Amino acid sequence: MDQARLHLMLCGGTGCHASGSKSFHEALDAELKNQGLEKEVRVIETGCNGFCALGPVMLVQPEGIFYQQLKADDAAELVESHFLKGRPVQRLMYRDPVSKKTMAHMDEIPFFAHQMIWAMRNKGLIDPESIDEYIARDGYFGMAKALTEMSSEDIIGEIKASGLRGRGGAGFPTGVKWGFAAQAKSDVKYVLCNADEGDPGAFMDRSILEADPHAVLEGMIIAAKAINATQGYIYCRTEYPLAIQRLSLAIEKARDYGLLGEDILGSGFGFDVDIYQGAGAFVCGEETALMRSIEGRRGMPRPRPPFPANKGLWDKPTVLNNVETLANVGQIMLNGGQWYASVGTESSKGTKVFAISGDINNIGLVEVPMGISLRKMIYDIGGGIPNKRKFKAVQLGGPSGGCIPEKYLDTPVDYEEIAKVGAIMGSGGVIVMDEKTCMVDMARFFMDFIQEESCGKCTPCREGTRRILEILEKISEGRGEPGDIETLEELSEVIKSSSLCGLGQTAPNPVLSTLNYFRDEYYAHVYEKRCPAKRCVALLKFTVDPDKCKKCGLCFKACPTGAVQWEKKQPASIDKEKCIQCMACYDACRFDAIE
């Protein structure tokens, strides 16, 4: 490897690509060449760094200086000031939204400082397209140990000792699942990686695949040795082209290095992996639906038992784990199960990756120890709620998760404790909502997604979610009637208890949790024809309360049609003939003066 004075670790995840990292990269390369620094300063495109809201981001090593929101126009100043003259550019550094303090180094930024990086340990630190850089970070060492020093029983025993549970949502103990498949009698067995990830706001699996594809391959090879499988498939939705590109390259390189294929490392054990691109149906994240899709059939779940460990892909014993689960396996083999189990709670060990989004200052991916409180995750890492608004709820577990109110913010995040307050761990989607969020509308949004993604095989899910959505739409539009709330509850319980797969069984969670914690909002919509959060357009008057109006003119400036009329030192008013009910005036008003 060529020696360089500085390594510029430029985030090359999908989020930063969308924010313009490619044009910045081109400008940076050109400027380094122009200054004659192309051999001294090396630019490395990494996978997702995690702080997606600030992209494109770049870490300067070995100094550890973190730059954010970079543009092509910044390249010349960075090269001349920092990389040529040694004067870091302060205006491109992170500025804390609360303290307003400028922070130069990544390890002093709260978003990074409170994390514990295990599954994503290589994010932003290596070139994901270089197998050598992965090996230099102890990559494939855990696999080598498993293949040359350990039996199937030893591997499964170590995974059981680690307490690792499936990170896809169900939280089933990984070692137990592997044990069932290992005991199954068959000449052919399969290991599958679930990279279908379809939750709105969740992108942790995609980011791991983009940043560290070899970690997933290593986990699959170890799983294969544990159950004696010879073939694996990575089921990845086709909307993830960068992940598929880097995975394909990783598989090719691993084969070249003798880490995939026949007689891996001369151990006598052989295993190979192919990628299967899914069309993006949410239900294909369910394991039996995923297997049917790989078989070339319509992706629909089937009743269990028989469980996939005995009768899975093409009716052969099959182990399926998601991306994050597999990314932990190599490190567990290398460091031991007890090392992994030393972090977390009694029932939930290790770390978990979450995708934090919504009404929060620091949007991005975070990896934290199990047992951390929601409050610490939202305020210490997430930076709290922007625009001085109040926290209202956090939705945990994807579209079929639950909304947790403020009184439960100190709940430790583990599988059992989160379930007690009406949510699920899910794959790790965390959506934070401020006081301007209408909980009826939020339930309607998630039910719209679930109803659209129901495969339609079982009646409770197909018809029940459709009926719930119709009632929620009716309530949001001001047509709610007495009895609607009770019908929502009754329907939700029926769907939970009678649906075929996990999608239907968890589908009513957004409705039940909002009814449980925000029932007064449902009553206000149905009986008072009022939306307390002022988000349901049909229930708004679009008039200005002159007593509350501070005559600031912010609504006037925000209105795109000239419907808001305002003069200096006079309260505003709204011309309903011109108003298109776009909500711009509501969002601009800081004094709740618009009814």
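The following exchange asks how several labels applied to this predicted model are justified.

User: What kind of model is this, and how are residues numbered?
Analyst: This is a predicted model, in which local features need pLDDT of at least 70 and side-chain atom pairs count only at pLDDT 80 or more, while totals for chains, interfaces and linings use all residues. Residues are numbered from 1 along each chain as its sequence is written, and side-chain values use heavy atoms, with hydrogens and water left out.

User: How many helices and strands does the protein have, and what makes a run count as one?
Analyst: There are 24 helices and 17 strands. Each is a DSSP run, with at least four residues for a helix (H or I) and at least two for a strand (E), numbered from the N terminus.

User: How do you know whether the radius of gyration agrees with that of a compact globule?
Analyst: The rule is 2.2 Å times the number of residues to the power 0.38, and the radius is taken over C-alpha atoms. For 595 residues this gives a value near 25 Å; the protein has 26 Å, so the two agree. The C-alpha trace spans about 80 × 65 × 40 Å along its principal axes.

User: Why is cysteine 531 not called disulfide-bonded to cysteine 438?
Analyst: A disulfide is a pair of cysteine sulfur atoms within 2.5 Å. The closest cysteine sulfur to that of cysteine 531 belongs to cysteine 438 and lies 3.8 Å away, which is too far, so there is no bond. Cysteine 536 is also in no disulfide, with the sulfur of cysteine 438 as its nearest at 3.7 Å. The structure as a whole holds zero disulfides.

User: What makes cysteine 531 buried or exposed?
Analyst: Buried means under 20% relative accessible area, exposed over 50%, and partly exposed in between (1.4 Å probe, protein chains only). Cysteine 531 has 4% and therefore counts as buried. Cysteine 536, at 4%, is buried as well. In the protein, buried residues make up 56% of the 595 residues.

User: Where is glycine 64, and what does it touch?
Analyst: Glycine 64 sits in the loop between strand E3 (58-61) and strand E4 (65-67). Its relative accessibility is 16%, so it counts as buried. Contact means heavy atoms within 4.5 Å; not counting residues up to four places away in sequence, glycine 64 touches Leu59, Ala104, His105 and Met106.

User: Why is glutamine 451 classed as it is for burial?
Analyst: Glutamine 451 has a relative accessible area of 15%, and therefore is buried. This residue lies in helix H17 (residues 439-453). Leaving aside neighbours within four places in sequence, glutamine 451 is in contact with Thr465, Arg466 and Leu469.

User: Which peptide bonds into proline 56 and proline 306 are described, and how do you know their form?
Analyst: The bond from glycine 55 to proline 56 is cis, with omega near -5 degrees. The bond from proline 305 to proline 306 is cis, with omega near 5 degrees. Proline 306 is in the loop between helix H12 (287-294) and strand E10 (318-322).

User: What makes the phi of lysine 100 and of methionine 583 worth listing?
Analyst: Most residues other than glycine have a negative phi, and most peptide bonds are trans. Lysine 100 has a positive phi of about 65 degrees although it is not a glycine, and methionine 583 has a positive phi near 80 degrees. Lysine 100 is partly exposed because its relative accessible area is 47%. Methionine 583, at 7% relative accessibility, counts as buried.
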